[in-house]
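Thanks, everyone; I would like to take a few minutes to walk through one chain, starting with its overall build and then moving to individual residues.

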Amino acid sequence: MPAHQPLTGHDRPGDPCTIVIFGASGDLTKRKLLPALYNLKRLKLLPENFAVLGVAVTEGNDEIYREKITADINEFATEPVEKAEWDEFVKRAYYISGDFNDAGTFQRLAAKITDVQKTHQLPGNVLFYLAITPTLFAKVVEQLGAIGLTAETEDAWRRVIIEKPFGRDLASARELNLEISKSLRERQIYRIDHYLGKETVQNIMVFRFGNSVFEPIWNRRYIEYVQITVAEELGVELRGGYYDHSGVLRDMVQNHILSVLSLVAMEPPTSISGDSVRNEKVKVLEAIRPMEPEEVIENTVRGQYAAGVIDAKNVPAYRSEPDVNPKSNTETFVAMKLEVDNWRWAEVPFYIRSGKRLAARTTEVVIGFRRAPLMLFGKQVDSNVLPNRLVLHIQPEEGITLDIHAKRPGPKIEISNIPLNFNYREFGESTAATGYETLLYDCMIGETTLFHRYDSVDASWQIVNPILDVWQALPARDFPNYAAGTWGPESSDELIAKDGHRWHHYPLAIPPCAEK
């Protein structure tokens, strides 16, 4: 079975529909969306009857667009492109160009959708994907609504996928939601988080609730702390203009990391689909008490990278990156301690960190269990043996590591920490994927589990907003404060050391799958 089958267990193709991609000439479309749609076609999960309609400001027509995406898929496909499969796909691709602020663009779009649906005898289902700058989200939805393109009927759905970020802060997120809600019902809005399309993230629920050995100990009695790390070796690359107005707190914590945290900490849902899961995730976020200003200073760390060395190459400081203010106070690293104030997690710290230009590319969740009373084996053994840890590796390798204790062979009692590793690539034949396949497929069948509902967006901004307010009022005076190629500022280690813990750095990743 392919590794990227949808979480919900459906194996039918998506509903026949027209897929309209705003921002069709952009990087997201060519690097992720088109390869994901092609992969779905190869997996027989894309409906046999479909059409893809690209919309962008770049001049072009159907033929020019087909030539462009053919070149793009050959460059960015996750597996070798099968010509017959692609030929079937590309003949269903269409294009219109126009300004997203111009009502005429949407009139031509409506006419083009009608023509495409007539050509391929498609039903009225339309999926709109907004792969565009966030400043245009509300305007595009307003234009779609004004011309009737968001109106649903009994036999035709209309759904809109919105990329992150959903607002810059709590106030702007609420304003954006108010604007798009004038044209869309909540059930039509699919706020995407590509992290939730990753296998290990999806498997958190199966791992927790499908294994009787873990669920009974998944609480404050047995777990001492939780760590979530999203580390990147890359800098801001060519995204300096965007990133310098965003920072890692908005870019990673408010959406990706808090999404993963809520999956780790939530209560068992009544089912693994739809609002049952989303209800439980929101409860977790609402249980994280927003910090007071003094707590922000005490429990958060921010950093910005200086020049350094990564992979034996010199890399520039953040302030020297293209389109970055030379005096920028934007953070490229964040670490913080959060607490989930509910019955299951009271007094269990959740440590989260994320940053650019760090020592390794790794995303992982570490569950630190409370120490067993090893005095049975002597004080020396007790002091040298680390508590058990469970590590959920999300990238670059997807898998699970469980650190256990075992006696070394020999006459003396010597206890060692032994990692039990599981690599997803050893689970069976897998299909290389972009991370968007499951999410696009779920939207086509109306499965909302892996998408953000607005109340979760609001709850996450309520957690992040007080931190943003304090950081804005008290600009950092020590930037840059960590060298590229390190694990961030020393104050990050001090943050977690205050509680007697340390960040998990080893192993950085699970061993690669053995060649067969």
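Please keep in mind that what you see is a predicted model. Let me begin with the surface: the accessible area of the chain comes to about 23000 Å², and carbon and sulfur atoms hold 52% of it. As for charge, there are 58 positive and 71 negative side chains, and the centres of these two sets lie 2 Å apart.

In terms of secondary structure, the chain has 15 helices and 18 strands, and the C-alpha trace spans about 80 × 50 × 45 Å along its principal axes. For 516 residues a compact globule would have a radius of gyration near 24 Å, and because the chain has 24 Å, the value agrees with that expectation. Of the 516 residues, 56% are buried, and if we take the contacts with a separation of 6 or more, 79% of them join residues that are 24 or more positions apart.

That brings me to the interior. In soluble globular proteins, nonpolar side chains tend to be buried together. Here the largest nonpolar core has 148 residues, and those with the most contacts inside it are Phe22, Leu109, Tyr129, Leu261 and Leu338. The element that gives the most to this core is helix 9, residues 248-265, with 11 residues. Which residues does leucine 338 touch, once we set aside those up to four places away in sequence? The list runs to Leu258, Leu261, Ile288, Met291, Val348, Pro349, Phe350, Ile352 and Ile463, and Leu261 is itself one of the residues named for having the most contacts inside the core.

Next, two buried residues with polar side chains. Glutamate 280 lies in helix 10, residues 275-287, and is it buried or exposed? Its relative accessibility is 12%, and since the cut-off for buried is under 20%, glutamate 280 counts as buried. Beyond its neighbours within four places in sequence, glutamate 280 is in contact with Met266, Glu267, Pro268 and Pro269. Threonine 363, in strand 14, residues 362-369, is buried too, with a relative accessible area of 2%. Leaving aside sequence neighbours within four places, threonine 363 is in contact with Tyr195, Thr229, Val230, Leu392, His393, Ile394 and Gln395.

Gln395 leads us to the backbone, and to the question of where we find cis peptide bonds. One of them joins glutamine 395 and proline 396, with omega about 5°, and proline 396 sits in the loop between strand 15 (389-395) and strand 16 (399-407). Another joins phenylalanine 479 and proline 480, with omega about -10°, and this proline 480 lies in the loop between helix 14 (454-473) and strand 18 (482-483).

Staying with the backbone, I would also point to two residues with positive phi that are not glycine. Lysine 44 has a phi of about 65° and lies in the loop between helix 1 (27-42) and strand 2 (50-56); with 57% relative accessibility, lysine 44 counts as exposed. Aspartate 311 has a phi near 55° and is placed in the loop between strand 10 (308-310) and strand 11 (313-315), where its relative accessibility of 60% makes it count as exposed.

Finally, let me turn to two further residues on the outside, each of which comes with a distance. Proline 373 lies in the loop between strand 14 and helix 12 (379-384) and is exposed, with a relative accessible area of 61%. From proline 373 to asparagine 388 the separation is 15 residues in sequence and 12 Å in space, C-alpha to C-alpha. Isoleucine 297, in helix 11, residues 293-299, has a nonpolar side chain, yet at 58% relative accessibility isoleucine 297 counts as exposed. What does isoleucine 297 contact, leaving aside its neighbours within four places in sequence? The answer is Val470 and Leu474. Measuring across the model from isoleucine 297 to glycine 145, the two are 152 residues apart in sequence and 44 Å apart in space, again C-alpha to C-alpha.

Notes: Residues numbered from 1 in each chain as written. Predicted model: local features only at pLDDT ≥ 70, side-chain atom pairs only at ≥ 80, totals over all residues. Heavy atoms only, no water. Helix = DSSP H or I, 4+ residues; strand = E, 2+ residues; numbered from the N terminus. Rg over C-alpha atoms; globule rule 2.2 N^0.38 Å. Buried < 20%, exposed > 50% of the residue type's maximum accessible area, 1.4 Å probe, protein only. Contact = heavy atoms within 4.5 Å. Areas by Shrake-Rupley, 256 points an atom, 1.4 Å probe, with all protein chains shown as cover. Lys, Arg positive; Asp, Glu negative; His and termini not counted. Charge placed at Lys NZ, Arg CZ, Asp CG, Glu CD. Core = buried A, V, L, I, M, F, W, Y, C linked by side-chain atoms within 4.5 Å.
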